[in-house]
Amino acid sequence: MEQFHEQGYLILPGVLPQEKVDRLNMAIDELLEAEPDSLAHNIYNSVERHPEIASLIDDPTILPLIVNLLGYNIQLHISHLTIRKPNPDNVKTETNSFINWHQDGPHPQFPSIHGLTSTYYIKACYILSDMSEPNRGNTKVIPGSHNRAFVPEHTNVDGQLGDEIQVCGKPGDVFVFAQNLWHSGAPNHSDFTRRQLFFGYSPIWMRPIDYHAASERLLEGASPIRRQLLGVIDDNPFHYYVPKESMTPLKTLHFGSDTHSVYP
């Protein structure tokens, strides 16, 4: 947590076992059969597309970390599958083969004070292909740029910024980062196809990006924790801002809670 607050990101190795990585990749293969062929895919509301992907909503390794970084009155904000095939010629596609330097957020952007924007949501990126080397469509970041009034000298991802690093990882690793960290999605100049699943979490009083309301299919058989993450806590919208304790079972994962955690 200290490293996250200082640097704005974390790389967590070996979160998913190989068996789980294989099942997720098989699910993605099924999804792609229904998609037109493209060098790049951006598939939003991915949890709605396959139950294997939906199983990551409340991943028992990542979720407690998110709760303790962001608080327990949170929800799933976005689920987003990105695929970047080898593209040595930087061919641009309708689905954005690469993304220039930016902070995540709405337009106009979140409020800032003296050039600083607060952390409104956090993303966990599940790496599902071999991203252990740079220039494979890796995410680039500027460490610590969420904590200072940083303005890049340019926003072109092809141009080098002085403090940038490329996030590398193996299948099953997870990359966690704050929305106010400056980052970009680099072109893929390798022979490897990038596959990454992003799960974003935000305060429950924010509107999610994935849907107006979670579908009955997603809610079917959902645990109390998953129901909270899917935005279902009460019929009274006031309780999104001031929930009763019984409405936020994620509190059991918070270090400051006197309630025993549901996870070991």
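**Notes on the two sheets and the largest pocket**

1. Helix α4 (residues 62–70) lies across β1, β3, β7 (122–127), β10 (174–178) and β12, and it runs at about 160 degrees to β7. Contact here means heavy atoms within 4.5 Å; angles, from 0 to 180 degrees, are between N-to-C directions of lines fitted to C-alpha atoms, for helices over the stretch in contact. Helices (H or I, at least four residues) and strands (E, at least two) are DSSP runs numbered from the N terminus.

2. Please keep in mind that this is a predicted model, in which local features need pLDDT of at least 70 and side-chain atom pairs pLDDT 80 or more, while totals for chains, interfaces and linings use all residues. Residues are numbered from 1 along each chain as its sequence is written, and side-chain values use heavy atoms, without hydrogens or water.

3. Helix α4 is mostly covered, with eight of its nine residues buried (under 20% relative accessible area with a 1.4 Å probe, protein chains only; exposed is over 50%, partly exposed in between). The buried residues run from Ile62, Leu63, Pro64 and Leu65 to Ile66, Val67, Asn68 and Leu69. Just after α4 comes Gly71, whose phi is positive at about 105 degrees.

4. The sheet under α4 deserves a look of its own. Six strands form an open sheet in the order β1-β10-β7-β12-β3-β2, with antiparallel pairing (at least two DSSP bridges between two strands). Its edges are β1 (9–12) and β2 (40–44); each has a single partner strand, so one side of each lacks a neighbour in the sheet. From one strand to the next, the twist averages 15 degrees. Helix α2 (residues 18–33) also packs on this sheet, where it touches β2, β3 and β12, and its direction makes about 100 degrees with that of β12.

5. Strand β3 is worth following closely. It is joined to the antiparallel strand β12 (residues 194–203) by 10 bridges, with Arg84 opposite Arg194 in β12. Five bridges join β3 to β2, again antiparallel, and here Tyr44 stands opposite His80. Although β2 is an edge strand, four of its five residues are buried, so the rest of the structure largely encloses it.

6. My favourite residue to inspect is His80, in β3 (residues 74–84). His80 is buried, with a relative accessible area of 9%. Beyond four places in sequence, its contacts are Asn42, Ile43, Tyr44, Ser46, Gln196, Leu197 and Phe198. With Asn42, His80 makes a side-chain to side-chain polar contact of 3.4 Å (N or O atoms within 3.5 Å, one able to donate a hydrogen and the other to accept it; residues adjacent in sequence count only if both atoms are side-chain atoms).

7. His80 also leads to the largest pocket: together with Ile99, His102, Asp104 and Lys123, it lies nearest the centre, within a lining of 27 residues. Strands β2, β3, β4 (99–102), β11 (183–185) and β12 each give two or more residues to that lining, and β3 gives the most, with four. The pocket holds about 460 Å³ of space. A pocket is an open set of points on a 1 Å grid over the protein atoms alone, where a 1.4 Å probe fits, with protein on both sides within 12 Å along at least five of seven lines; lining residues have an atom within 4 Å of a point. Points join across faces, edges and corners, and volume is the space filled by probe spheres set on them.

8. Two of those lining strands, β4 and β11, belong to an open antiparallel sheet of four strands, ordered β4-β11-β8-β9. Here β4 and β9 (165–166) are the edges, each with a single partner strand, so one side of each has no neighbour in the sheet. Two bridges pair β4 with β11 in the antiparallel sense, and Ile99 stands opposite Gly185 in β11.
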